[in-house]
Amino acid sequence: MVGAGQLARMTLESAIALDIRLEVLADSQGDSAVRAGAPHRLGSPDDLDALRGLAEANDVLTLDHEHVPTAMLELLASEGHAVRPGARAVLLASDKVHARREMEAAGFPVPIWAEAASADDVEAMAERTGWPVVLKARGGGYDGKGVHMIESRSQAEAIMAGGEGWLVEERVAIDIEVAVLVARRPSGDVAVYPVIETRQVDGICHELVMPADVPEAIAQRAREIAVALVTEADVAGIAAVEMFLTEAGELLIGEIAVRPHNSGHATIEGSVTSQFENHLRGVLDWPLGSVEPTAPSVAMVNLLGVADCSTASRLPLGLAVPGASVHLYGKEERPGRKIGHVTAMGKTRAEALETARRAASEMTGR
């Protein structure tokens with residue numbers, strides 16, 4: 001696995017249960033998965049020699065992030081290495097302009113968008129849809145980074161002066177945000193988890209509930225869109241398709257991730273087979289596990305670092321909340337950084353959310 005963050009760490013837990021040797025390419029000895037004991041080698045995700053060495057030593061090369069040059073993935077695949085997901089899928093997840101262009105051409109529902117090379121393009125979008133508009137860095141953004149709500153031309157000029165490659169799109173009137181996790185094998189078999197409702201604050205997922213509180217017709221449509229997109233992209237492993245449900249009742253694709261995803265953390269306790277185990281099964285082309293829920297409702301709250309509190313030191317307070325399952329990532333705490341999550345199950349979404357929120361509050365002092 002290229003990358004050794006918390007996604008690799010949680011994938012390692014599933015690998016251990018199946019006696020799979022999961023080797024990770026880590027930036028440092030302090031990376032989350034390395035601290036958890038993952039076999040590892042040090043190297044950069046854009047170093048071809050490091051990638052080739054990892055691929056040569058293992059059966060399958062997979063990812064815990066999409067920040068890997070797709071040209072290198074294509075080269076490794078041409079040399080006979082199993083690279084899953086492949087370069088085509090990774091490009092769809094890592095290049096927002098490419099993704100919008102490909103999705104729109106294939107008939108998938110996306111917001112009104114345009115490639116933006118200058119403030120003129122931003123202003124042109126505003127003339128079509130009205131201010132504000134959303135300006136996104138073409139690549140490299142996560143957890144709200146590289147995403148800007150633009151109110152004026154001068155604001156666009158100031159932001160665009162600091163980088164190259166932008167996407168501008170309409171500001172969507174969002175009712176709720178949802179995500180659909182799809183596990184897929186190279187042979188084509190798929191397994192689709194229940195639709196997940198996420199709550200984002202400043203571009204960071206704060207909490208989620210599975211299943212989402214949406215009409216079944218909407219949920220079915222979301223699953224159909226996600227499966228079609230994952231199939232079109234020929235993804236192997238787990239993919240998460242994030243969508244907006246608009247106030248008008250329309251589903252629009254926000255983006256796709258082609259690796260385990262924050263929206264799927266609740267599947268560890270809340271599904272018969274977690275997203276991490278199904279990612280391993282998918283990339284190895286093994287039978288996919290059941291995605292049936294283990295409770296009527298499952299909630300997850302992310303633990304974000306705060307300036308004046310050591311969350312890890314307050315772990316016993318979280319563990320004292322009945323029904324709460326706490327996961328810490330072994331990461332240095334910084335304000336706003338994801339350092340863990342809490343999952344809870346309940347007979348209702350309110351019950352599950354209350355338990356998860358209470359444990360998170362105890363641990364963060366908020």
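Reader: Which are the buried residues of helix 11?
Author: Gln-275, Phe-276, Glu-277, Asn-278, His-279, Leu-280, Arg-281, Gly-282 and Val-283 are the buried ones. A quick word on the basis: this is a predicted model, where local features need pLDDT of at least 70 and side-chain atom pairs count only at pLDDT 80 or more, while totals for chains, interfaces and linings use all residues. Numbering starts from 1 along each chain as its sequence is written, and side-chain values use heavy atoms, with hydrogens and water left out.

Reader: What makes helix 11 "mostly covered"?
Author: Nine of its nine residues, 275-283, are buried. Buried means under 20% relative accessible area, exposed means over 50%, and partly exposed is in between (1.4 Å probe, protein chains only). As for "helix", that's a DSSP run of H or I with at least four residues, while a strand is a run of E with at least two, both numbered from the N terminus.

Reader: What do the buried residues of helix 11 pack against?
Author: Helix 1 (6-17), strand 3, strand 9 (174-184), strand 13 (237-246) and helix 10 (267-270). Contact here means heavy atoms within 4.5 Å.

Reader: Why is Asp-285 called partly exposed?
Author: Its relative accessible area is 25%, so it falls between the buried and exposed cut-offs. Asp-285 sits in the loop between helix 11 and strand 15, and has a positive phi of about 60° although it is not a glycine. Asp-234 makes a nice parallel: it is in the loop between helix 9 and strand 13, its phi is near 55°, and at 45% relative accessible area it is partly exposed too.

Reader: How do you know that the buried residues of helix 4 line one face?
Author: Those residues are Thr-70, Met-72, Leu-73 and Leu-76. Seen down the helix axis, they fall within an arc of 155°, so they line one face; the arc is taken from the directions from the axis to the C-beta atoms. An α-helix has 3.6 residues a turn, so residues three or four places apart point the same way. On the other side of helix 4, Ala-71, Glu-74 and Ser-78 are exposed.

Reader: Why is Asp-95 called buried?
Author: Its relative accessible area is 13%, which is under the cut-off, so buried it is. Asp-95 lies in the loop between helix 5 and helix 6 (96-105).

Reader: What makes the pairing of Asp-95 with Arg-138 a polar contact?
Author: Their side chains come to 2.7 Å. The rule asks for a pair of N or O atoms within 3.5 Å; within protein, one must be able to donate a hydrogen and the other to accept it, and residues adjacent in sequence count only if both atoms are side-chain atoms. The backbone nitrogen of Val-97 also lies 3.1 Å from a polar atom of the Asp-95 side chain.

Reader: Why is Ala-212 called buried?
Author: Its 12% relative accessible area is under the cut-off, so it qualifies. Ala-212 is in the loop between strand 12 (204-210) and helix 9 (216-232). Setting aside neighbours within four places in sequence, Ala-212 is in contact with Val-178, Val-195, Ile-196, Glu-197 and Arg-349.

Reader: What kind of peptide bond joins Met-210 and Pro-211?
Author: A cis one, with omega about 0°. Pro-211 is in that loop between strand 12 and helix 9 as well. The bond from Arg-84 to Pro-85 is also cis, with omega near 5°.
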